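The following questions and answers examine one protein chain. Please keep the sequence and the three-dimensional view at hand while reading.

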Amino acid sequence: MSLNEIVMEMPVEHAKNVFGQFDFFIKKIEKTLSVTIVARDGELKILGSQVATTKAKNIINQLIELSKRGNIINEQNVDYAISLSFEDNEEALVEIDKELICHTINGKPIKPKTIGQKNYIDLIKKNMIVFSIGPAGTGKTYLAMAMAITAFKNNEVSRIILTRPAIEAGEKLGFLPGDLQSKVDPYLRPLYDALYQIMGPESFARNMEKGLIEVAPLAYMRGRTLDNAYIILDEAQNTTPAQMKMFLTRIGFGSKVIVTGDNTQKDLPVGTKSGLEVAMKVLKKVEGIGFCTLTSQDVVRHPLVQKIVKAYDDYESKSNTSSNTKPKIRKR
């Protein structure tokens with residue numbers, strides 16, 4: 001195999017961001033693509049096979065462009081840029097970064113970070129109802145909240161309604177003390193966390209007092225008609241088919257609905273059908289409803305979370321395969 005050499009410019013002001021602490025990001029690119037990268041006098045020399053050096057150059061150029069836009073490069077950016085390089089789609093990383101949803105209270109921009117998340121945002125813009133299905137850490141709820149708060153601030157809707165079924169996650173918590181709000185708050189805490197981060201506690205509390213933001217268990221939706229509202233149903237895999245039908249038929253004029261869930265993390269009693277699974281089958285051909293399926297590649301938490309999700313997916317697929325191929329004993 002002939003050794004190929006590529007020389008490219010490396011802006012000094014972006015070198016630290018792109019290289020990472022102790023050159024961790026560059027070492028990861030070297031190890032994954034089997035190349036050698038040498039930095040000297042504002043230039044990078046990349047040594048390896050022709051295909052590998054070209055991929056490495058494209059990845060580094062994408063990371064430099066992200067850095068120029070004010071992004072702090074993290075391991076997830078590098079991992080995703082590498083994975084896109086194997087699909088010959090490195091440019092997608094910069095295209096995704098152009099989509100700005102809003103800023104957090106601290107000024108941090110909220111953007112989609114993967115192709116799957118970008119498709120999710122596009123579906124929300126085009127459809128009245130969107131179902132987002134995927135594993136933990138793919139940004140299903142967080143991006144939905146960002147879109148809802150942006151629509152609320154732009155006066156596209158008059159209120160935000162956040163709901164989820166109050167089901168214990170495999171634990172028996174017993175009777176909780178306090179008033180009704182205290183009893184349901186633990187189930188709705190993830191929604192509060194996202195609201196505080198994006199909107200700020202003071203703005204959230206002010207709008208909550210006015211009734212412009214409502215966080216409530218799914219059971220409270222019965223009998224209501226929700227007009228001109230942005231409605232998010234979280235943890236939808238824990239709804240029953242009857243609950244899902246009840247929720248979807250609450251929608252009024254001028255409203256937008258996002259339903260998020262993970263079919264691998266159901267907490268329903270054994271033998272109970274999930275309303276999310278049933279809805280995906282019943283509504284898949286209905287116009288105005290979009291379905292977005294996110295995968296382990298869209299996980300944007302710590303890189304270890306992506307590996308955990310992938311490991312569980314592989315394990316479950318092997319278990320299903322082995323159970324389907326197990327020889328059946330014929331009765332005489």
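Q: Which residues of helix α6 are buried?
A: The model is a predicted one. A residue counts as buried when its relative accessible area is under 20%. In α6, the residues that meet this condition are Gly116, Gln117, Tyr120, Ile121 and Ile124.

Q: Why do the buried residues of α6 lie on the same side of the helix?
A: The buried residues in question are Gly116, Gln117, Tyr120, Ile121 and Ile124. An α-helix has 3.6 residues a turn, so residues three or four places apart point the same way. Around the axis of α6, the buried residues are on the same side because they cover an arc of only 140°.

Q: Against which elements do the buried residues of α6 pack?
A: Packing is judged here by contact, that is, by heavy atoms within 4.5 Å. The partners include two helices, α4 (75–85) and α7 (140–153). The strands among the partners are β6 (129–133), β9 (229–233), β10 (256–261) and β11 (289–293).

Q: What distance does helix α6 reach from its first C-alpha to its last?
A: Helix α6 covers residues 115–126 and has 12 residues. At 1.5 Å a residue, a span of 16 Å is expected. The span in the model is close to that value, at 17 Å.

Q: Is Thr150, in helix α7, buried or exposed?
A: Thr150 is found in α7. Not counting residues up to four places away in sequence, Thr150 touches Ile101 and Cys102. Its relative accessibility is 19%, and the limit for the buried class is under 20%. Thr150 therefore counts as buried.

Q: How many disulfides does the structure hold?
A: Two of the cysteines may be considered here. Cys102 is buried, with a relative accessible area of 14%, and Cys292 is buried at 4%. A disulfide requires a pair of cysteine sulfur atoms within 2.5 Å. The number of disulfides in the structure is zero.

Q: Which residues of strand β3 point to the face that is buried?
A: The side chains alternate along β3, which covers residues 43–48. Glu43, Lys45 and Leu47 point to one face and are not buried. The residues that point to the other face and are buried are Leu44, Ile46 and Gly48.

Q: How many bridges join strand β1 to β3?
A: Strand β1 covers residues 4–9, and the two strands run antiparallel. One of the pairs places Glu5 with its bridge partner in β3, Leu47. The number of bridges that join β1 to β3 is six.

Q: Which residue in the turn of the hairpin of β2 and β3 has a positive phi?
A: Strand β2 (residues 36–40) pairs with β3 in the antiparallel sense over five bridges. Within this pairing, Ala39 stands opposite Leu44. Two residues lie between the strands of the hairpin, and the one in the turn with a positive phi, of about 50°, is Asp41.

Q: Where is Ser34, which has a positive phi although it is not a glycine, placed?
A: The phi of Ser34 is about 55°. At 59% relative accessibility, Ser34 counts as exposed. Its place is in the loop between α2 (24–33) and β2.

Q: Which residues of helix α9 are exposed?
A: Helix α9 covers residues 201–209, and its buried residues are Ser203, Phe204 and Asn207. They are on the same side of α9, because they cover an arc of only 100° around the axis. On the other side of α9, the exposed residues are Glu202 and Glu209.

Q: What separation is found between the C-alpha atoms of Tyr312 and Thr264?
A: Tyr312 is in helix α12 (residues 303–325) and is exposed, with a relative accessible area of 52%. Tyr312 and Thr264 are 48 residues apart along the chain. Their C-alpha atoms are separated by 9.5 Å.

Q: What percentage of the residues in the chain is buried?
A: The chain contains 12 helices and 11 strands. About 18500 Å² of the chain is exposed, and carbon and sulfur atoms supply 53% of that area. Of the 332 residues in the chain, the buried ones make up 46%.

Notes:
Residues numbered from 1 in each chain as written. Predicted model: local features only at pLDDT ≥ 70, side-chain atom pairs only at ≥ 80, totals over all residues. Heavy atoms only, no water. Buried < 20%, exposed > 50% of the residue type's maximum accessible area, 1.4 Å probe, protein only. Helix = DSSP H or I, 4+ residues; strand = E, 2+ residues; numbered from the N terminus. Expected span 1.5 Å × (residues − 1). Arc of directions from axis to C-beta. Areas by Shrake-Rupley, 256 points an atom, 1.4 Å probe, with all protein chains shown as cover. Pairing = 2+ DSSP bridges.
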